[in-house]
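Visitor: I'm new to reading structures, and I'd like a close look at a single part rather than a quick tour of everything. Please pick one, start with how the chain makes its contacts, and tell me how things connect from there.

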Amino acid sequence: ATHSVASKATVTLWDHARFGVLTADRVVMRTSPPEGSRLTPQRRGTPVVLTGKKGDWWRIRLSGEQTAWLPADKLQLLDQPP
């Protein structure tokens with residue numbers, strides 16, 4: 001199930017983890033969407049754990065508390081962990 005809260009921005013919370021896989025080569029992740037600092041590009045097929053969404057950008061968990069953002073058009077959502 002999902003829960004959305006309306007405000008100046010929409011926040012969606014999930015009651016379970018969501019997963020995806022990158023669908024393009026050299027996907028540039030950013031520290032914030034869409035103009036944050038560029039992070040090391042990742043390869044097609046890299047699995048990711050999704051932690052949020054803002055517009056056309058998905059937030060992913062890198063490790064611990066570290067996150068990055070990537071464009072939604074470079075990601076395929078999965079029904080279960082890869």
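Guide: Let's start with contacts, then. Take those between residues at least 6 apart in sequence: 44% of them join residues at least 24 apart. Keep in mind that this is a predicted model. The chain has seven strands and zero helices, and if you read along the sequence you get β-β-β-β-β-β-β.

The part I'd pick is the open sheet. Five strands make it up, in the order S6-S5-S4-S3-S7, and the pairing is antiparallel. At the edges you'll find strand S6 (66–71) and strand S7 (75–78), each of which pairs on one side only. Ignoring direction, neighbouring strands of this sheet are turned by 45 degrees against each other on average.

Now walk across, beginning at S6. Its antiparallel pairing with strand S5 (residues 57–63) runs over six bridges. One spot to look for is Ile 60, which stands opposite Ala 68 in S6. These two strands form a hairpin with two residues between them, and Gly 64 there has a positive phi near 55 degrees.

Next door, S5 pairs with S4 over five bridges, again in the antiparallel sense. Here Lys 54 has Trp 57 in S5 as its bridge partner, and Val 49 stands opposite Arg 61 in S5. S4 and S5 form a hairpin too, with two residues between them, and Gly 55 in the turn takes a positive phi of about 60 degrees.

One step further on, S4 meets S3: four bridges, antiparallel once more. Find Arg 18 and look across to S4, where Leu 50 is its bridge partner.

Leu 50 is a handy place to switch from backbone to side chains. It belongs to the largest nonpolar core, a group of eleven residues that also includes Leu 22, Val 48, Trp 58, Ile 60, Ala 68, Leu 70 and Leu 75. S4, S5 and S6 each supply at least two residues of this core. Try clicking on Leu 75: leaving out residues up to four places away in sequence, Leu 75 touches Gly 20, Val 21, Leu 22, Thr 23, Val 48, Leu 50, Trp 58 and Leu 70. Over the whole chain of 82 residues, 28% are buried. The accessible surface of the chain is about 5800 Å², and carbon and sulfur atoms account for 48% of that.

What about the stretch that leads from S3 to S4? Side chains of opposite charge can pair when their charged atoms come close. A search of the whole structure finds one salt bridge, and it's right here: Asp 25 pairs with Arg 44, with 3.9 Å between the closest N and O atoms. Asp 25 and Arg 44 both lie in the loop between strand S3 (18–22) and strand S4 (47–54), so their pairing ties together parts that are 19 residues apart in sequence. Both Asp 25 and Arg 44 are exposed.

That loop has a couple of oddities as well. Most residues other than glycine have a negative phi, and most peptide bonds are trans. Arg 26 isn't a glycine, yet its phi is positive, at about 60 degrees. You'll find Arg 26 in the loop between S3 and S4, where this arginine is exposed with a relative accessible area of 63%. Then look for Pro 33 and Pro 34: the peptide bond joining them is cis, with omega about -20 degrees. Pro 34 lies in the loop between S3 and S4 too.

Note on methods: Residues are numbered from 1 along each chain as its sequence is written. This is a predicted model: local features need pLDDT of at least 70, side-chain atom pairs count only at pLDDT 80 or more; totals for chains, interfaces and linings use all residues. Side-chain values use heavy atoms; hydrogens and water are left out. A salt bridge is a side-chain nitrogen of Lys or Arg within 4 Å of a carboxyl oxygen of Asp or Glu. Buried means under 20% relative accessible area, exposed over 50%, partly exposed in between (1.4 Å probe, protein chains only). Two strands pair if DSSP finds at least two bridges between them. Axes are lines fitted to C-alpha atoms, for helices over the stretch in contact, and angles run from 0 to 180 degrees between N-to-C directions. A nonpolar core is a set of buried Ala, Val, Leu, Ile, Met, Phe, Trp, Tyr and Cys residues joined through side-chain atoms within 4.5 Å. Contact means heavy atoms within 4.5 Å. Accessible areas come from the Shrake-Rupley method with a 1.4 Å probe; for residues, only the protein chains shown count as cover.
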